[in-house]
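Here is a short tour of one structure. Look at the rings first, then follow the chain into its helices, cores and cysteines.

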Amino acid sequence: MFKTAPQFRVALAESEADLRAAQRLRYEVFVEELGGSGAMIDHAARLEMDRFDPIFDHLLLFDDARPADPVVGVYRLLPDTQAREIGQFYSEDEYDLSPLHASGRRLMELGRSCLHRDYRGGPGMMHLWQGLADYVERHGIEILFGVASFHGTDTSALAQPLSNLHYNHLAPEVLRVRSRAFERMDLVPQDALDRPRAVRETPALIKGYLRLGGAVGEGAFVDRAFNTVDVCLVMDTATLEPMRRAIYAKGRA
C-alpha cells in the first residue's frame with residue numbers, strides 16, 4: 001500500500017490551510033464515499049464544512065512521508081467551554097443532552113472522525129486516539145460523547161446491530177441522552193438477537209468506543225441529509241478499566 005513507511009504525527013489545526021486539509025478529507029469520506037450532503041458543502045472546492053467548524057478544535061493525523069495532502073485523519077473536538085460560544089453542542093440538534101449538562105462534569109464532544117481509505121485497519125486510529133488522550137488530560141475532561149453513524153437511513157436493515165446496542169450497551173440512566181426524533185433500537189426481540197452478526201455489522205469506530213467502556217443513548221436518529229443512522233455514544237472517563245484508560249491518560253496502549 002505504501003511506498004515508504006508512514007511517518008505519523010498528530011497535532012491540532014493551527015492555520016486555515018490545516019482546516020481546509022481536514023475539510024477536504026471529510027469531503028472524500030463523508031460526501032464522495034458515504035453520500036452525505038449539507039447546506040455549506042462546497043462541491044467545487046471539495047470541502048465538507050458546517051457552521052460549527054470555527055469553534056471546534058480539529059485534531060489532525062499527518063503522514064509526513066506522504067508528498068501531498070499529508071492530513072490522513074481527522075477528529076473534531078468541542079470542550080464545553082467552547083460550546084458556550086455558540087450556545088450548544090453539535091449533537092444537541094439530534095439528542096437531548098440534559099443528563100450530561102445536569103452532571104456538572106467537564107464535557108467534550110467528539111465528531112467528524114475519519115481516516116483516509118489507505119490508512120484504515122492500521123495504526124492510524126490509535127495515533128489519533130493517543131492525541132485525543134493528551135487533549136483530554138490537558139483539559140480535564142470527564143465525559144466524552146458524540147454521535148457515531150451507520151451508513152444508510154433504513155433502520156430495519158440495521159435491526160441486529162441497533163438491537164444489540166440497546167440491549168447490551170445502553171448508558172446508565174444518569175447519562176442516558178435521548179434522541180429528539182426518536183427511532184426505536186429494540187427492533188428484534190432480545191431472544192432473537194444474533195450477537196455475532198450484530199457485532200460484524202457494527203462500524204469499527206463504534207466497536208472501538210464500546211471496547212473502551214462507551215455506552216449509547218436511548219433511541220437512534222436518522223440523519224437523511226448525511227445519509228446515516230446515528231447513535232449517541234457516551235463515555236465516562238472515571239469508569240474505564242486501568243488498561244483501557246491508559247489510552248486516554250498517556251497514550252501508551
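Rings of Phe, Tyr and Trp (its six-membered ring) pair if their centres lie within 6.5 Å; planes under 30 degrees apart count as stacked, over 60 as edge-to-face and the rest as tilted. Ring pairs link F52, F56 and Y90 into a cluster.

This is a predicted model, in which local features need pLDDT of at least 70, side-chain atom pairs count only at pLDDT 80 or more, and totals for chains, interfaces and linings use all residues. Residues are numbered from 1 along each chain as its sequence is written, and side-chain values use heavy atoms, with hydrogens and water left out.

**Aromatic pairs**

How many aromatic pairs does the structure hold? There are six. One of them joins F8 and Y119 in an edge-to-face arrangement. Their centres are 6.0 Å apart, with 65° between the planes. This pair links distant parts of the chain. F8 sits in strand 1, while Y119 is in the loop between strand 5 and helix 4, and 111 residues separate the two. Helices (H or I, at least four residues) and strands (E, at least two) are DSSP runs, numbered from the N terminus.

Burial needs a cut-off too. Buried means under 20% relative accessible area, exposed over 50%, and partly exposed in between (1.4 Å probe, protein chains only). F8 is partly exposed, at 21%. Y119 is buried, at 4%.

The rings of F89 and F145 also pair edge-to-face, because their centres are 5.0 Å apart and their planes meet at 85°. Here too, distant parts of the chain are linked. F89 lies in the loop between helix 2 (80–86) and strand 4 (95–96), F145 lies in strand 6, and they are 56 residues apart. Both F89 and F145 are buried.

**Helix 1**

Helix 1 (16–33) leads into a loop that ends at strand 2 (57–63). The helix has 18 residues. From first C-alpha to last, helix 1 reaches 24 Å, close to the expected 26 Å. That expected span is 1.5 Å times one less than the number of residues. Where does helix 1 bend? The bend is at Y27, by about 30°. It is the angle between axes fitted to the seven residues ending there and the seven starting there.

The buried residues of helix 1 include L19, L25, Y27 and F30. Their cover includes strand 1 (8–12), strand 2, strand 3 (71–79) and strand 5 (107–115). After helix 1 comes G35, with a positive phi near 80°.

**Positive phi outside glycine**

R46 has a positive phi, although it is not a glycine. N227 is another residue other than glycine with a positive phi.

| Residue | Phi | Place | Relative accessible area |
|---|---|---|---|
| R46 | about 60° | loop between helix 1 and strand 2 | 34%, partly exposed |
| N227 | near 60° | loop between strand 9 (221–223) and strand 10 (228–236) | 22%, partly exposed |

**Nonpolar cores**

In soluble globular proteins, nonpolar side chains tend to be buried together. A nonpolar core is a set of buried Ala, Val, Leu, Ile, Met, Phe, Trp, Tyr and Cys residues joined through side-chain atoms within 4.5 Å. The largest such core has 34 residues. Which members touch the most others? They are Y75, M108 and L132. Elements that each supply at least two residues include strand 3, helix 5 (159–168) and helix 7 (204–211). Helix 4 gives the most, with six residues. A second, separate core has 19 residues, among them L78, Y90, V147 and L175.

**P161**

P161 is in helix 5. P161 is buried, with a relative accessible area of 0%. Contact means heavy atoms within 4.5 Å. Beyond its neighbours within four places in sequence, P161 is in contact with F150, A198, E201 and T202. A45 is 116 residues from P161 along the chain, and their C-alpha atoms are separated by 36 Å.

**Cysteines**

A disulfide is a pair of cysteine sulfur atoms within 2.5 Å. The structure holds zero disulfides. Why is C114 unbonded? Its closest cysteine sulfur, in C232, is 19 Å away, too far for a bond. C232 is likewise in no disulfide. C114 is buried, at 4% relative accessible area. C232 is buried as well, at 1%.
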